[in-house]
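Here are some exercises to work through with the structure on your screen. Try each task before you read its solution.

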Amino acid sequence: MFSIRNLSKEFKQGNQIQKVLKGIDLEVNKGDLITIMGPSGGGKSTLLYSLALLSEPTSGEIFFQNKKVDFQNEKTLEGLRRNNIGLIFQNPNLISSLTPVENLVIVMNSKEGHKEKVRKAEELLKMVGLSDKKKASISSLSGGEAQRVAIVRALVNKPSILLCDEPTGALDSENGSNVINILLNIREETQCALVIVTHDENIGRLGERRLYLRDGVIDEIKRDSKVI
Ligand SMILES: Nc1ncnc2c1ncn2[C@@H]1O[C@H](COP(=O)(O)OP(=O)(O)O)[C@@H](O)[C@H]1O
Ligand SMILES: [Mg+2]
């Protein structure tokens, strides 16, 4: 589905060039469950944003469904992102002046009427146990509740890949495992690929493929390895 070939990413700051990703090769196939661990500053978020087509590689290529992604064509790029990619961050980043339902409706790209969108939003909130919070103010939600809204917001357009950047990083362990269970169930139900960047070894171990990113280079940890 996604194929990253020899991808490098550099950031320029003044006269300094920092090489953050160094010739990464990575395939993500339908339904994959991939976890990415590694030290802070190793390039995990940068890699995730490359997969999200938000960050143009300095060199190398990204293919989506065997077609090379053209970063110069903003319109196509936007369509690819909207229709195929769901993103979840450490912080939910909800729009605080809108209700949970409205936060979902506003990112829906289907041509359905408003009523139908609201119905779908309510259904998604129900799926994560938030029916009674559908019209609550965002500031009244707990961290775990807000993150569950952010998860279903990432799902509204039925993405084929769900990219999560430390999705439990701001949660206590109970809310964290709740969020992970929801993500695993979603993958099961929708067959989307799930890529989770995490510092938590227990979550890292859940990966059917486990990647370790350090200094811009990936190591794939063999399934039976006892290293981590
Ligand atoms: N937009 C940017 N501009 C400049 N430097 C950046 C930018 N994004 C990331 N970096 C640098 O790239 C390195 C890797 O960052 P990141 O991908 O966020 O690592 P990780 O998620 O593994 O902690 C860091 O040194 C960071 O400062
Ligand atoms: Mg990061």
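The exercises below use a predicted model, and each one comes with a worked solution.

**Exercise 1. The open sheet**

Task: Work out in which order the four strands of the open sheet lie, and which strands stand at its edges.

Solution: Start with the order, which reads S2-S1-S4-S5, with antiparallel pairing. Now look at the ends: S2 and S5 (67–68) each have a single partner strand, so one side of each is left without a neighbour in the sheet.

Next, take the pairs that involve S1. S1 and S2 run antiparallel and are joined by nine bridges. To find your place along this pair, look for Leu7 opposite Ile24 in S2, and for Phe11, whose bridge partner in S2 is Gln18. S1 also pairs with S4 (residues 59–64), again in the antiparallel sense, over five bridges. Here Phe2 stands opposite Phe64 in S4.

Finish at the turn. The hairpin of S1 and S2 has two residues between the strands, and Gly14 takes a positive phi near 65° there.

**Exercise 2. Two residues of S1**

Task: Decide whether Ser3 is buried or exposed, then find the side chain that the Ser3 side chain contacts.

Solution: First, place Ser3 in strand S1. Then check its relative accessible area: the value is 6%, so Ser3 is buried, as the cut-off for buried is under 20%. Last, follow the side chain of Ser3 to that of Arg5, where you'll find a polar contact of 3.3 Å.

For contrast, try Asn6, which also lies in strand S1. Its relative accessibility is 49%, so Asn6 counts as partly exposed.

**Exercise 3. Positive phi without glycine**

Task: Find what stands out about the phi angles of Asn6 and Asp215.

Solution: Begin with the background: most residues other than glycine have a negative phi. Now check Asn6, which has a positive phi of about 50° although it is not a glycine. Asp215 likewise has a positive phi of about 50° without being a glycine.

Then ask where Asp215 sits. You'll find Asp215 in the loop between S9 (209–214) and S10 (217–221). With 53% relative accessibility, Asp215 counts as exposed.

**Exercise 4. A covered strand**

Task: Describe how S7 (residues 161–165) is covered and which strands pair with S7.

Solution: Count the buried residues first: five of the five in S7 are buried, which leaves the strand mostly covered. Now sort them by direction. Remember that side chains in a regular strand alternate between the two faces of the sheet. In S7, Ile161, Leu163 and Asp165 point one way, while Leu162 and Cys164 point the other way.

Then move to the neighbours. S6 (residues 85–88) pairs with S7 in the parallel sense over four bridges, and Leu87 has Leu163 as its bridge partner in S7. S8 (residues 193–197) also pairs with S7 in the parallel sense, this time over five bridges. In that pair, Ile161 stands opposite Ala193 in S8.

To finish, trace the chain: S7, helix H6 (residues 173–190) and S8 make a right-handed β-α-β unit.

**Exercise 5. The shell around ligand 1**

Task: Find which elements supply the shell around ligand 1, and which backbone atoms lie by the oxygen atoms of the ligand.

Solution: Begin with the residues surrounding ligand 1, among them Phe11, Gln18, Pro39, Lys44 and Thr46. S1 (2–13), S2 (16–28) and H1 (44–51) each supply at least two residues of this shell. H1 gives the largest share, three residues. By class, the shell has three nonpolar, eight polar and one charged residues.

Next, go through the backbone distances. A polar backbone atom of Gly41 is 2.7 Å from an oxygen atom of ligand 1. For Gly43, a backbone N or O atom lies 3.0 Å from a ligand oxygen, and for Ser45 the distance from a polar backbone atom to an oxygen of ligand 1 is 2.9 Å. The protein covers 63% of the 560 Å² of accessible area that ligand 1 has on its own.

Now stay with Ser45, which is found in helix H1. Its relative accessibility is 29%, so Ser45 counts as partly exposed. As a last step, link back to S7: the C-alpha atoms of Ser45 and Asp165 are separated by 6.6 Å, although the two residues are 120 residues apart along the chain.

Note on methods: Residues numbered from 1 in each chain as written. Chains lettered and ligands numbered in written order. Predicted model: local features only at pLDDT ≥ 70, side-chain atom pairs only at ≥ 80, totals over all residues. Heavy atoms only, no water. Buried < 20%, exposed > 50% of the residue type's maximum accessible area, 1.4 Å probe, protein only. Pairing = 2+ DSSP bridges. Right-handed = clockwise from strand over helix to strand, strands pointing away. Near = heavy atom within 4 Å. Polar contact = N/O pair within 3.5 Å; in protein donor to acceptor, adjacent residues only side chain to side chain. Areas by Shrake-Rupley, 256 points an atom, 1.4 Å probe, with all protein chains shown as cover. Nonpolar A, V, L, I, M, F, W, Y, C, P; charged D, E, K, R; others polar.
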